[in-house]
Amino acid sequence: MIDLRTLREDPDRLRASQRARGEDESVVDSLLDLDERRRSALASFESLRAEQKSLGKSVSKASGEEKQALLDRAKELAAQVKAAEAEAEKLGAELDELLQTVPNIVDPEAPHGGEDDYVVLETVGTPREFDFEPRDHVELGELLGAIDLDRGAKVSGARFYFLRGVGARLQLGLLNMAMQQAIEAGFVPMITPVLVKPETMQGTGFHVAHDKEIYRLPEDDLYLVGTSEVSLAGYHADEILDAKDLPLRYAGWSSCFRREAGSYGKDTRGIIRVHQFDKVEMFSYCRPEDSREEHLRLLNWEKEMLAKIEIPYRIIDTAAGDLGMSAARKFDCEGWIPTQGRYRELTSTSNCTEFQARRLSVRYRDKDGRPQTAATLNGTLATTRWIVAILENHQQKDGSVVVPKALRPYVGLDVLEPVK
RNA sequence: GGAGGAUUCGCCUAGUGGCCGAGGGCGCACGCUUGGAAAGCGUGUAUAGGGCAACCUAUCGGGGGUUCAAAUCCCCCAUCCUCCGCCA
């Protein structure tokens with residue numbers, strides 16, 4: 001949620017941001033108009049209410065005819081107060097509703113435009129030359145007895161899978177390595193709820209009612225998270241944090257659930273795009289003025305992880321139109337997938353500035369003891385999808401896969417051997 | 001699933017219709033006292049919105065109602081605790 005007071009002072013900032021995203025600018029004027037009307041409705045309610053209160057006090061002191069006269073007036077006033085309050089509430093609700101639809105103000109440094117207007121910031125490593133025809137991760141997963149897609153489909157349907165044997169070990173090792181790195185960097189390790197209440201989902205910037213990506217449990221009014229970012233953002237909701245504890249950093253391990261509606265036909269093969277996967281996610285609460293630096297730190301921790309799996313990757317600066325609701329800026333690290341001949345997203349780190357925290361009411365006390373809205377950031381340390389990159393980049397001619405050195409202690413194997 | 005109890009300012013607690021946004025204690029902050037500290041004394045100590053100064057308004061788990069007036073009365077819901085049942 002954007003800040004109304006800032007909007008009043010500098011509406012052009014939001015206009016520019018909407019332009020950069022390729023979205024509607026007129027929302028700015030609608031907001032300003034509604035805000036103005038709500039404030040005046042609120043003011044008239046408040047003065048009527050003040051009158052009612054003081055009148056009420058004189059009622060209790062008066063007696064006889066005088067009291068009756070006062071009562072009559074008070075009764076009349078009570079009706080007016082009620083009407084004024086209803087009007088103010090109505091406008092407030094309208095304003096809130098509109099405000100809910102406005103995405104975060106983008107960082108002016110973010111590239112303008114849509115999905116394809118990203119800027120490549122850095123390319124690390126070079127794709128390996130194969131002296132044999134590389135197998136894709138599906139084939140390798142099958143050879144190694146690591147990924148069972150057929151039975152995943154049998155049990156749960158399309159885009160489900162079993163990780164088994166070395167596949168399960170690879171995921172556990174990878175995510176444990178991520179957790180270990182996070183712990184060493186001072187993160188608090190967390191295993192988070194995967195079902196959350198609507199206000200947590202909404203607060204994090206996902207629309208419970210409209211978002212086609214969210215799995216819902218209507219019977220219980222609970223929602224499956226698409227990332228532990230949601231649970232970790234909600235963790236400090238309605239709290240005022242101690243400034244000396246900032247930045248507060250958490251590393252959450254959870255399964256993630258995505259409906260992948262509207263992606264029919266995309267990545268139907270393998271475990272690139274699935275309904276359920278596991279992820280270790282960094283989440284940080286910090287002062288807004290520190291958030292840009294924090295964002296770069298998160299990116300560096302992602303690079304550190306990627307270095308450990310020894311694959312070529314590049315970093316892109318996502319364009320404004322592709323930032324989603326909450327992010328002001330987003331960097332993705334994309335790993336090289338040999339059989340696709342292109343880079344695919346392995347990590348994503350977003351600076352959500354105060355957007356999520358304002359919705360969730362996460363604040364901290366500044367030097368003067370005044371509550372201020374915190375900034376929140378998130379970034380990926382590892383996910384199930386990384387298995388694709390590891391298998392494909394480190395495969396050998398016989399179908400075996402060399403485990404990257406850093407990962408070996410966590411997986412307990414140097415090489416994954418075919419089972420058939 | 002059933003029965004009962006609870007939910008007030010960071011914590012503990014007072015408060016059964018107007019004098020309660022709300023008293024006390026603890027904690028915390030500042031000051032006095034002291035060679036220094038403790039104790040003691042004094043002052044302050046929620047959040048949000050509006051004017052942005054005095055001040056005004058809202059909020060006593062959430063929502064609705066009764067009333068001129070609700071922390072206080074009524075209804076619904078949520079959470080926690082206890083007991084019973086059910087499952088393992």
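# Close-up views of chain A with RNA strand B

**Figure 1. Overall view of chain A in the predicted model.** Chain A exposes about 20400 Å², of which carbon and sulfur atoms supply 48%; accessible areas come from the Shrake-Rupley method with a 1.4 Å probe, and for residues only the protein chains shown count as cover. This is a predicted model, in which local features need pLDDT of at least 70 and side-chain atom pairs count only at pLDDT 80 or more, whereas totals for chains, interfaces and linings use all residues. Residues are numbered from 1 along each chain as its sequence is written, chains are lettered from A and ligands numbered from 1 in the order in which they are written, and side-chain values use heavy atoms, with hydrogens and water left out. The C-alpha trace of chain A spans about 105 × 45 × 40 Å along its principal axes. Chain A holds 13 helices and 18 strands; helices (H or I, at least four residues) and strands (E, at least two) are DSSP runs, numbered from the N terminus. Of the 420 residues in chain A, 50% are buried (buried means under 20% relative accessible area, exposed over 50%, and partly exposed in between, with a 1.4 Å probe and protein chains only). Among the contacts in chain A with a separation of 6 or more, 73% join residues 24 or more positions apart, a contact being heavy atoms within 4.5 Å.

**Figure 2. The protein surface near RNA strand B.** RNA strand B is surrounded by 22 residues, and the closest are Arg8, Arg49, Lys53, Arg363 and Arg365; a residue is near a molecule or strand if one of its heavy atoms lies within 4 Å of it. Helix 3 (27-61) supplies the largest share of this surface, 11 residues. Helix 1 (4-9), helix 3, helix 4 (64-100) and strand 14 (362-365) each contribute at least two residues. By residue class, the surface divides into nine nonpolar, three polar and 10 charged residues (Ala, Val, Leu, Ile, Met, Phe, Trp, Tyr, Cys and Pro count as nonpolar, Asp, Glu, Lys and Arg as charged, and the others, Gly among them, as polar).

**Figure 3. Side chains at the backbone of RNA strand B.** Sugar or phosphate accounts for 69% of the atoms of RNA strand B within 4 Å of the protein, and bases account for the rest. A polar side-chain atom of Arg49 lies 2.3 Å from a phosphate oxygen of RNA strand B, and one of Lys53 lies 2.7 Å from a phosphate oxygen of the strand. For Arg363, a polar side-chain atom lies 2.8 Å from a sugar or linking oxygen of RNA strand B.

**Figure 4. Strand 16 (375-383) and its antiparallel partners.** All nine of the nine residues in strand 16 are buried. Strand 10 (276-286) runs antiparallel to strand 16 and is joined to it by eight bridges; two strands pair if DSSP finds at least two bridges between them. Strand 13 (342-351) is also antiparallel to strand 16, with three bridges. Gly379 of strand 16 is the bridge partner of Met282 and stands opposite Thr349.

**Figure 5. The surroundings of Ser348 in strand 13.** Ser348 is buried, its relative accessible area being 12%. Its side chain makes a polar contact of 2.8 Å with the side chain of Asp332 (a polar contact is a pair of N or O atoms within 3.5 Å; within protein, one must be able to donate a hydrogen and the other to accept it, and residues adjacent in sequence count only if both atoms are side-chain atoms). Not counting residues up to four places away in sequence, Ser348 touches Glu302, Lys330, Phe331, Asp332, Asn378, Gly379 and Thr380.

**Figure 6. An open sheet of three strands.** The strand order is 5-7-6, with antiparallel pairing. Strand 5 (195-196) and strand 6 (216-217) stand at the edges with a single partner strand each, so one side of each is left without a neighbour in the sheet. Strand 6 and strand 7 (222-224) pair over two bridges, and Arg216 has Tyr223 in strand 7 as its bridge partner.

**Figure 7. Backbone features in three loops.** The peptide bond from Leu246 to Pro247 is cis, with omega near -5 degrees; Pro247 is in the loop between strand 8 (239-241) and strand 9 (248-257). Arg159, although not a glycine, has a positive phi of about 65 degrees. Arg159 lies between helix 6 (149-156) and strand 3 (162-163) and counts as buried at 14% relative accessibility. Glu310, also not a glycine, has a positive phi of about 55 degrees. The loop that holds Glu310 is between helix 10 (291-309) and strand 11 (313-317), and Glu310 is partly exposed, with a relative accessible area of 43%.
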